[in-house]
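Work through the exercises below with the sequence and the 3D view open. Try each task before reading its solution.

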2 protein chains.
Amino acid sequence: MEREYASSLLENAVTELSRLPGIGRKTALRLALHLLRRDPDEAVALGESIIRMRKEITYCRCCHNVSENDVCDICSDPRRDATTVCVVENVKDVICFERTGQFHGMYHVLGGLISPLDGIGPEQLEIDSLIERVADGQIKEIILALSATMEGDTTNFYIYRRLGTLPVKVTQLARGVSVGNEIEYTDEITLGRSLLNRTAFNA
Amino acid sequence: MEREYASSLLENAVTELSRLPGIGRKTALRLALHLLRRDPDEAVALGESIIRMRKEITYCRCCHNVSENDVCDICSDPRRDATTVCVVENVKDVICFERTGQFHGMYHVLGGLISPLDGIGPEQLEIDSLIERVADGQIKEIILALSATMEGDTTNFYIYRRLGTLPVKVTQLARGVSVGNEIEYTDEITLGRSLLNRTAFNA
């Protein structure tokens, strides 16, 4: 292949940047040229932060969230409720729930959702370790907080089945009209669920 | 500041990624989590390609385009017309003109445009070296191929003044209706220029 950019160093950086999701070759070139215009230290800091993150990052032994220590800050916080565990897909979802300020229990990060089409089965996810945590007997409630998609529903159902007869309450996030959304633009399945699961009105 | 992401390695990578133009913290987190899910080699390849590019890239001594050698492939190509020099803002513009397949002369990469608001004056651009190239006497035509913006026009005018009495023809890109555009949606200044600079019709 003929080089497109007159420099194989530039070519190479553009190729690597364009492997990132949502970044095409045009954007990758724009990013690379931006780095060339800026201080060399900035490019080195970026490059090194990526390499260090990938090589040195550790995960919490208990909940599998990213962590500084063997056990993460949330799992080791005595003020948090260790009897309630919120099961989430990934690290980003932990951040989302923490931002709500509404949850004071623990998390369990699955690392993905069951998706046969993408070749992801239960054994690639942190499901066995979740069952073990529940089998310890301390946990009273498991909140299934996965996306309301087919993969999320499949994973919810699989976990529910795996929990079997373990003495734990299993709940899931409420499905309903999003705050700020108009009825007119809410799909009929969501609307149906929001009717079935209606709650007492409090003014 | 309290850590947002439970791991300073992740935090750090997100911060560095979000310095890139057009990438906010949300996108930066998505990119970082993508890299965490992929093979470690991929993150290392990305990080190293960025560092190597910034540290080792070289520029052509003659036209200031990025280059593998002291003098770039275009400047050292004997089949190209060394008497015509196309003056462009940056490396990306060289790629744009090369893609047209319509230009067989040389380039001169300014490295930016004069922009007092951004604190960029002529001395930060490769204008002196352009005047020197022209003063050598080999160049017959300078094509000013800068953006049709205020900064582009200012830079065009400055170069034109600096070229002074040097025996060189100075031209600029035609202004007119973009190919594929409708008259209705073309602004009146462009339309006015396209009338003034009308060309002979050839069927």
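**Exercise 1. Place B:His34 and describe its surroundings.**

Step 1. B:His34 sits in helix α2 of chain B. Helices (H or I, at least four residues) and strands (E, at least two) are DSSP runs, numbered from the N terminus.

Step 2. B:His34 has 9% relative accessibility, so this residue counts as buried. Buried means under 20% relative accessible area, exposed over 50%, partly exposed in between (1.4 Å probe, protein chains only).

Step 3. Now look for contacts, meaning heavy atoms within 4.5 Å. Setting aside residues up to four places away in sequence, B:His34 touches A:Arg19, A:Leu20, A:Pro21 and B:Glu42.

A note on the model: it is predicted, local features need pLDDT of at least 70, side-chain atom pairs count only at pLDDT 80 or more, and totals for chains, interfaces and linings use all residues. Residues are numbered from 1 along each chain as its sequence is written, chains are lettered from A and ligands numbered from 1 in the order in which they are written, and side-chain values use heavy atoms, with hydrogens and water left out.

**Exercise 2. Work out how chain A relates to chain B.**

Step 1. Superpose the copies by least squares on the C-alpha atoms of residues with pLDDT of at least 70 in both. A rotation of 180° with 0.0 Å of shift along its axis places chain A on chain B, with RMSD 0.1 Å.

Step 2. The two copies are therefore related as by a two-fold rotation axis.

Step 3. Find the axis in the view. A:Gly47 comes closest to it among the residues of chain A, at 1.9 Å (C-alpha).

Step 4. Compare the interfaces. The copies meet through the same surface, because 100% of the interface residues of chain A are also interface residues in chain B.

**Exercise 3. Decide how enclosed helix α1 of chain A is, and by what.**

Step 1. In α1 (residues 8-17) of chain A, 7 of the 10 residues are buried, so the helix is largely enclosed by the rest of the structure. Among the buried ones are A:Leu10, A:Glu11 and A:Leu17.

Step 2. The cover includes α2 (25-37) of chain A, together with α3 (40-56), β2 (66-67) and α4 (91-100) of chain B.

Step 3. Zoom in on A:Leu10. Beyond neighbours within four places in sequence, its contacts include A:Leu29, A:Leu33, B:Met53 and B:Val91.

Step 4. A nonpolar core is a set of buried Ala, Val, Leu, Ile, Met, Phe, Trp, Tyr and Cys residues joined through side-chain atoms within 4.5 Å. The largest one has 46 residues; A:Leu10, A:Leu17, A:Met53, B:Leu10, B:Leu17 and B:Met53 touch the most other members.

**Exercise 4. Trace the open sheet in chain B.**

Step 1. Four strands run in the order β4-β3-β5-β6, with parallel pairing. Two strands pair if DSSP finds at least two bridges between them.

Step 2. β4 (105-109) and β6 (169-172) of chain B are the edge strands, each pairing on one side only.

Step 3. Strand β3 (residues 81-88) of chain B is joined to β4(B) by 5 bridges. B:Cys86 has B:Tyr107 in β4(B) as its bridge partner.

**Exercise 5. Check the cysteines for disulfides.**

Step 1. A disulfide is a pair of cysteine sulfur atoms within 2.5 Å. The whole structure has 0 over all chains.

Step 2. The sulfur of B:Cys63 lies 3.7 Å from the closest cysteine sulfur, in B:Cys72, too far for a bond. B:Cys63 is buried, at 2% relative accessibility.

Step 3. For A:Cys96 the closest cysteine sulfur is in A:Cys86, 11 Å away, again too far for a bond. A:Cys96 is partly exposed, at 40%.
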